[in-house]
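Work through the exercises below with the sequence and the coordinates at hand. Each task is followed by a worked solution.

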Amino acid sequence: MAFPILREFFVKALRLGSETGPRVLSGTGSPEGAITAPVGSLYAREDGGTNTTIYRKESGAGNTGWVAASNAGGAWTAYQAVLPNGIGVSDFEATVSDAAVSAASVIEIRLTATPDSAENEPEFTNLWAMTAHPATGSFLLTLSFAEHHSGPLNLQYRVN
């Protein structure tokens, strides 16, 4: 027996998880002060503009706590991780201070070139993990390598 293909359907709200779980909603205008939903909910603003099209519910039990979710992110900030000389390291941690960071921040990290340093090439090849764990006013940067390395490693990060 063949079943027809459902091409589109309309729902007022989609509930995730349980009856009290986060919701996915849409409408016009900002949800702040207007839409009641549990933390973790998402709202697609039909009349939104740059950085005001998607909102996420970060706090509160009522109709407040909505934050516009910008996918443009902030400006990129340069950071140089200086791995110890000598025996080198396979795991490196550093606390990076930045007033824009909150515990709910998403930190993007990318590698950048290290000029005039042939020594830097192995780090690019053997770097297998970069993570950032946000806290208030800083984040913990962790770099993991397949082998021991030393010297500078240039990065950039931005806070979302």
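## Exercise 1: the three-stranded sheet

An open sheet is formed by three strands in the order 7-10-9, with antiparallel pairing. This is a predicted model, where local features need pLDDT of at least 70 and side-chain atom pairs count only at pLDDT 80 or more, while totals for chains, interfaces and linings use all residues. Residues are numbered from 1 along each chain as its sequence is written, and side-chain values use heavy atoms, with hydrogens and water left out.

Task: find the edge strands of this sheet, its twist and the extent of the pairing between strand 7 and strand 10.

Solution.
1. Strands are DSSP runs of E with at least two residues, numbered from the N terminus; two strands pair if DSSP finds at least two bridges between them.
2. Strand 7 (89-97) and strand 9 (127-135) pair on one side only, which makes them the edge strands.
3. From one strand to the next, the twist averages 15°, with axes fitted as lines to C-alpha atoms and angles running from 0 to 180 degrees between N-to-C directions.
4. Eight bridges join strand 7 and strand 10 in the antiparallel sense.
5. Val89 has His149 of strand 10 opposite.

## Exercise 2: the five-stranded sheet

Task: for the open sheet with the order 1-2-3-4-5, state which strands stand at the edges and how strand 3 pairs with strand 4.

Solution.
1. The pairing in this sheet of five strands is mixed.
2. Strand 1 (13-15) and strand 5 (66-68) each have a single partner strand, so one side of each is left without a neighbour in the sheet.
3. Direction ignored, neighbouring strands of this sheet are turned by 20° against each other on average.
4. Strand 3 (residues 42-45) pairs with strand 4 (residues 54-57) in the antiparallel sense, over three bridges.
5. Within this pairing, Tyr43 stands opposite Tyr55 in strand 4.

## Exercise 3: aromatic pairs

Task: how many aromatic pairs does the structure hold, and what is the geometry of the pair Tyr43 and Tyr55?

Solution.
1. Rings of Phe, Tyr and Trp (its six-membered ring) pair if their centres lie within 6.5 Å; planes under 30 degrees apart count as stacked, over 60 as edge-to-face and the rest as tilted.
2. There are three aromatic pairs in the structure.
3. Tyr43 and Tyr55 are 6.1 Å apart centre to centre with 65° between the planes, an edge-to-face pair.
4. This pair links distant parts of the chain, with Tyr43 in strand 3 and Tyr55 in strand 4, twelve residues apart.
5. Buried means under 20% relative accessible area with a 1.4 Å probe and protein chains only; Tyr43 at 3% counts as buried, and so does Tyr55 at 6%.
6. The ring centres of Phe139 and Tyr157 are 4.9 Å apart and the planes stand at 65°, so this pair is edge-to-face.
7. Phe139 lies in strand 10 and Tyr157 in strand 11, 18 residues apart, and both are buried.
8. Tyr43, Tyr55 and Trp66 form one aromatic cluster.

## Exercise 4: the cavity lining

Task: which residues line the largest cavity, and which element gives the most to the lining?

Solution.
1. A cavity is a set of points on a 1 Å grid over the protein atoms alone where a 1.4 Å probe fits but cannot get out; lining residues have an atom within 4 Å of a point.
2. The lining consists of Tyr79, Ile109, Phe139, Leu141, Leu155, Gln156 and Tyr157.
3. Strand 11 gives the most to this lining, with three residues.

Methods. 1 Å grid on protein atoms, 1.4 Å probe; cavity = no way out; pocket = protein on both sides within 12 Å on 5 of 7 lines; lining within 4 Å. Helix = DSSP H or I, 4+ residues; strand = E, 2+ residues; numbered from the N terminus. Buried < 20%, exposed > 50% of the residue type's maximum accessible area, 1.4 Å probe, protein only.
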